[in-house]
Number of protein chains: 2
Amino acid sequence: MQKNSSPVVILVRPQMGENIGAVARAMSNFGLRELRIAAPRDGWPNPKALEMAAGAESIIESAKIFPDFKAAMADVQLAYATTARKRDMEKRVVEPDVAMQEIKQLLSSPLPNPPPQAGEGIKIALVFGPERSGLENDEVTWCDTLITIPTAPENSSLNIAQSAVILGYEWFRQGTGFIHLRQGFGGQRIQDSGETPESLAPRAEWEGLFGQLEHYLDQAEYFRVAHKKPVMWQNLQTMFLRSQLSSQEVRTLRGMFRSLWERAPERD
Amino acid sequence: MQKNSSPVVILVRPQMGENIGAVARAMSNFGLRELRIAAPRDGWPNPKALEMAAGAESIIESAKIFPDFKAAMADVQLAYATTARKRDMEKRVVEPDVAMQEIKQLLSSPLPNPPPQAGEGIKIALVFGPERSGLENDEVTWCDTLITIPTAPENSSLNIAQSAVILGYEWFRQGTGFIHLRQGFGGQRIQDSGETPESLAPRAEWEGLFGQLEHYLDQAEYFRVAHKKPVMWQNLQTMFLRSQLSSQEVRTLRGMFRSLWERAPERD
């Protein structure tokens, strides 16, 4: 059994039930499960928390309530506090992506010499202060590292639900392994769309499409000035090729051109 | 004067004023300023939006209201839609960091020879659908790229306020210079083609092109089975939109379709 595979979220003296619910929702969106609440202002259970928890009801229902900050932190081994205000403290400050990467590494690296009764892995907490005032300085002191979310200077106030969304998002990204190098557009089009590279139309099929289209355009006297045709025709082909069509899509386009050509209304 | 230095946020048929306010708050937290709202369910102004806007009142007050999605998109040249549901569409899908990096590059690349009257930069939109149902398929078709926020399978439902926080966060990170270089696609198309970003066709011009083509195809009875038309037509539009045409190229295609249609040979 692997326990403590993700950090625990600790809300310290949260004021509004709605915010507790929104934090739980963000947790469940991003694979976090264990919620602790220290001294909630409006008591517990709080129906407003459940209302806002859309899909995270089980997190609210299994949340553990503690009388104060220190009690909620008793078994925590490493704590990361989210803070907006600058603190006059010699604390390490990191941004969310760095913090979550560290935590992921700490939780997934096997212990070299696991003590017999440990077995649960390291206990790591993400700590959020009360909405209005944030954490007290002595609570910040109690944490190892501060997480600061970069914000625009004109409005740097994030509520705990917003902060939890961002930390959750960065946490979940650590597990998906997609922070690595990406392909450029071509490869990505294939990967993202679920196309196999094999489904992209080979040039022979494009040739069929272009042969058909050129035939129509010649008959329609689209290329009015003969010496301009080569460049005009290159440009048209380039526009179509840029969309990286599959074989099926090439057939669709051919059918569409045929319709336009063969079923145009009669004129006099 | 530098305009369009950040993307515009478009909320399509938003339902709850609280969510509109929360989106505005996230925008101001992360340096986004221009909000458009298409057909808000509860009309406008909405006092609940202002209540939730903590620090973003000016964004709410200067929000522009449009009668529908297409009107809000008329001058948009590149659109990124946030979607949770998997769409059965040949659209490029990226995650938030990649999307925001692309947008940053497109908006900040200095033009080698800026045309005298350009000066406003490219118009890029982040599009959010209604809370309950998300964007309609034909609205998704109208966008270039889908942004999917990775979430835990047990609860993948993010509301628009949560999504806006994450997109805003990734947007703001692009400005702080700590994200390393990735390949983009938007920039690539621009670079490879020697186009300036400003030359990309706005949606109003695509609408003209598609209106013309649909008219021809209807007359040609291309969509034989009426109930299949919506999907067929979405797929066709998606194929064309994927090639990210300039205004000039849209005009070229329109001329080509007109030739095919009007100069087809007479039959009996």
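User: Before anything else, which amino acids count as nonpolar, charged or polar?

Analyst: Ala, Val, Leu, Ile, Met, Phe, Trp, Tyr, Cys and Pro are counted as nonpolar, and Asp, Glu, Lys and Arg as charged. The others, Gly among them, are taken as polar. Also keep in mind that this is a predicted model.

User: Ok, cavities then. How many are there of 30 Å³ or more?

Analyst: The count is four.

User: How much space is in the second largest one?

Analyst: About 60 Å³.

User: And which residues line the second largest cavity?

Analyst: Both chains contribute: A:Met239, A:Phe240, A:Ser243, A:Leu245 and A:Leu253 from chain A, with B:Met239, B:Phe240, B:Ser243, B:Leu245 and B:Leu253 from chain B. Helix H10 (229-241) of chain A and helix H10 (229-241) of chain B are the elements that give two or more residues to that lining.

User: What's the mix by class in that lining?

Analyst: Eight residues are nonpolar and two are polar, with no charged ones.

User: Moving on to helix H11. How do H11 of chain A and H11 of chain B cross?

Analyst: Each helix covers residues 247-262, and their axes come within 7 Å and cross at roughly 50 degrees. That angle makes H11(A) oblique to H11(B).

User: Why oblique?

Analyst: Because angles under 35 degrees count as roughly parallel, over 145 as roughly antiparallel and 65 to 115 as roughly perpendicular, and the rest are oblique.

User: Got it. Which residues of H11(A) and H11(B) meet?

Analyst: From H11(A) you have A:Met256, A:Phe257, A:Leu260 and A:Trp261, and they meet B:Met256, B:Phe257, B:Leu260 and B:Trp261 of H11(B). By class, this contact has eight nonpolar residues, no polar ones and no charged ones.

User: New topic: the sheet in chain A. What's the strand order?

Analyst: It's an open sheet of seven strands, ordered E3-E2-E1-E6-E4-E7-E5, and the pairing is parallel. At the edges you'll find strand E3 (64-66) and strand E5 (92-94) of chain A, each pairing on one side only. On average, neighbouring strands of this sheet are turned by 25 degrees against each other, direction ignored.

User: Which helix packs on that sheet?

Analyst: Helix H1 (residues 17-29) of chain A does, touching strand E1 (8-12) and strand E2 (35-38) of chain A. The direction of H1 makes about 170 degrees with that of E1(A).

User: How many bridges join E4 to E7 in chain A?

Analyst: Three, between residues 78-82 of strand E4 and residues 145-147 of strand E7, which run parallel. For example, A:Leu146 in E7(A) is the bridge partner of A:Ala81.

User: And what does the sheet in chain B look like?

Analyst: It's an open sheet of seven strands in the order E3-E2-E1-E6-E4-E7-E5, with parallel pairing. Strand E3 (64-66) and strand E5 (92-94) of chain B stand at the edges with a single partner strand each, so one side of each has no neighbour in the sheet. Inside it, strands E1 (residues 8-12) and E6 (residues 124-128) of chain B pair in the parallel sense over four bridges, and B:Val9 stands opposite B:Leu126 in E6(B).

User: Last thing, the backbone. Where's the cis peptide bond in chain A that you can point me to?

Analyst: Between A:Trp44 and A:Pro45, with omega about 0 degrees. A:Pro45 sits in the loop between E2 and helix H2 (47-51) of chain A. In chain B, the bond from B:Trp44 to B:Pro45 is cis, with omega near 0 degrees.

User: What's phi at B:Glu221?

Analyst: Near 55 degrees, which is a positive value in a residue other than glycine. B:Glu221 is in the loop between helix H9 (203-219) and H10 of chain B.

Technical notes:
Residues are numbered from 1 along each chain as its sequence is written. Chains are lettered from A and ligands numbered from 1 in the order in which they are written. This is a predicted model: local features need pLDDT of at least 70, side-chain atom pairs count only at pLDDT 80 or more; totals for chains, interfaces and linings use all residues. Side-chain values use heavy atoms; hydrogens and water are left out. Two strands pair if DSSP finds at least two bridges between them. Axes are lines fitted to C-alpha atoms, for helices over the stretch in contact, and angles run from 0 to 180 degrees between N-to-C directions. Contact means heavy atoms within 4.5 Å. On a 1 Å grid over the protein atoms alone, a cavity is a set of points where a 1.4 Å probe fits but cannot get out, and a pocket is an open set with protein on both sides within 12 Å along at least five of seven lines; lining residues have an atom within 4 Å of a point. Grid points are joined across faces, edges and corners, and a volume is the space filled by probe spheres set on the points.
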